[in-house]
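Me: I am new to this structure and would like a close look at a single part of it. Please choose one helix, walk me through it, and then set it in its surroundings.

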Amino acid sequence: MSAIAYPDHITATYYLVLAAMLFTIGAVGLLVRKNTLVMFMCIELMLNAANLTFVSFANALNDISGQVIVFFTLVVAAAEVAVGLAIIIAIFRRRQSVNADDVDLLKG
Amino acid sequence: MAAVVFFVCAAAVLTGALGVIAGRNPVHSALFLLVTLVSIAVLYLQQHAALVAAVQIVVYASAIVVLFLFVITLLGVDRREPADTAHPVQRVAAIVLGALMLTGILVLVHGNRWVTGAHSTRGALGPADSGNVQTLSRSLFTDFVWAFEITAVLLVIAVVGSVVLARRSGHRAEAPGAEIPDSTDAEATSA
């Protein structure tokens, strides 16, 4: 920890490590939680980690395309949230629950 | 100074992310998600991505979080659910897998110089102090215009699809009876 304490220049590696940690937290949360709403938030965390990586590389390579890709990720995330929350509402109307374990008809 | 901003924001990002997965109440999770998203916007600003930071605030921190909160209040699930977290074995397995994945990514980041290759193949970022809206929009509307149009189609499909999904209420229709012909119309269209 002392090696990275207050460096005078924040390199892309710092952002990449932060994005990796954020992605891992999102993935673990997706596996651990059963509330579908919280699971969706974990997916948002992972998408944000990917976005942070894109912006870091855009900055490191001085290339604008990394930032453009972030816009497309944002659009996909917005579409995913809209459809996913509609599905959650539809499931809730039938099952009165947002618990992922209650949606087990495919389990046989 | 940049280091201070980075470490403060990084701490906020990780705190918010941990709060999302640790919060018992979905409303608290959504608010912790807001902390993470705003901190990431600051990190974008630090990396000369002013427009991306603004869009992050407008789309993520506003629209998506508000959508989450609307659905939470609409469904009335803003109370603690008894069997929310996974089985202990599942939880331990998830944490072990997460640690393995983090180790793998960190080894990749550490062992390779990823930031290599040609610089500015699609254009430079532009002047750092005045924002880069012009550069970004030029790239978006020339190099990526096809993908841009496709996202318009994707958004329309998503909006129509979510409206159809949210309107189909099955046998237990809470809505007044006037909604029933509409839902059969929607079923016919989707079939």
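Reply: The part to look at is helix H2 of chain A, which is mostly covered, with 23 of its 26 residues buried. Please keep in mind that this is a predicted model, although among the elements of chain A it is H2(A) that has the highest mean pLDDT, 92, while H3(A) has the lowest, 90. For chain A as a whole the mean pLDDT is 86, and 92% of its residues reach 70 or more.

The length of H2(A) agrees with what a helix should give, because at 1.5 Å a residue its 26 residues should span 38 Å, and its end C-alpha atoms are indeed 38 Å apart. Just after H2(A) comes A:Asn62, which takes a positive phi of about 55°.

As for the surroundings, 67 residues of chain A are in contact with 75 residues of chain B. On the chain A side, the elements that give two or more residues are helix H1 (12-32), helix H2 (36-61) and helix H3 (65-95), and H3(A) gives the most, with 22 residues. By class, this side of chain A has 48 nonpolar, 12 polar and seven charged residues.

A helix of chain B offers a contrast in covering: H4(B), residues 88-111, is hardly covered, since the count of buried residues among its 24 residues is one. The reach of H4(B) from its first C-alpha to its last is 34 Å, close to the 34 Å expected at 1.5 Å a residue.

Definitions and conventions: Residues numbered from 1 in each chain as written. Chains lettered and ligands numbered in written order. Predicted model: local features only at pLDDT ≥ 70, side-chain atom pairs only at ≥ 80, totals over all residues. Contact = placed C-beta atoms within 7 Å. Helix = DSSP H or I, 4+ residues; strand = E, 2+ residues; numbered from the N terminus. Nonpolar A, V, L, I, M, F, W, Y, C, P; charged D, E, K, R; others polar. pLDDT = per-residue confidence, 0-100. Expected span 1.5 Å × (residues − 1). Buried ≥ 20, exposed ≤ 12 C-beta atoms within 10 Å, placed from the backbone.
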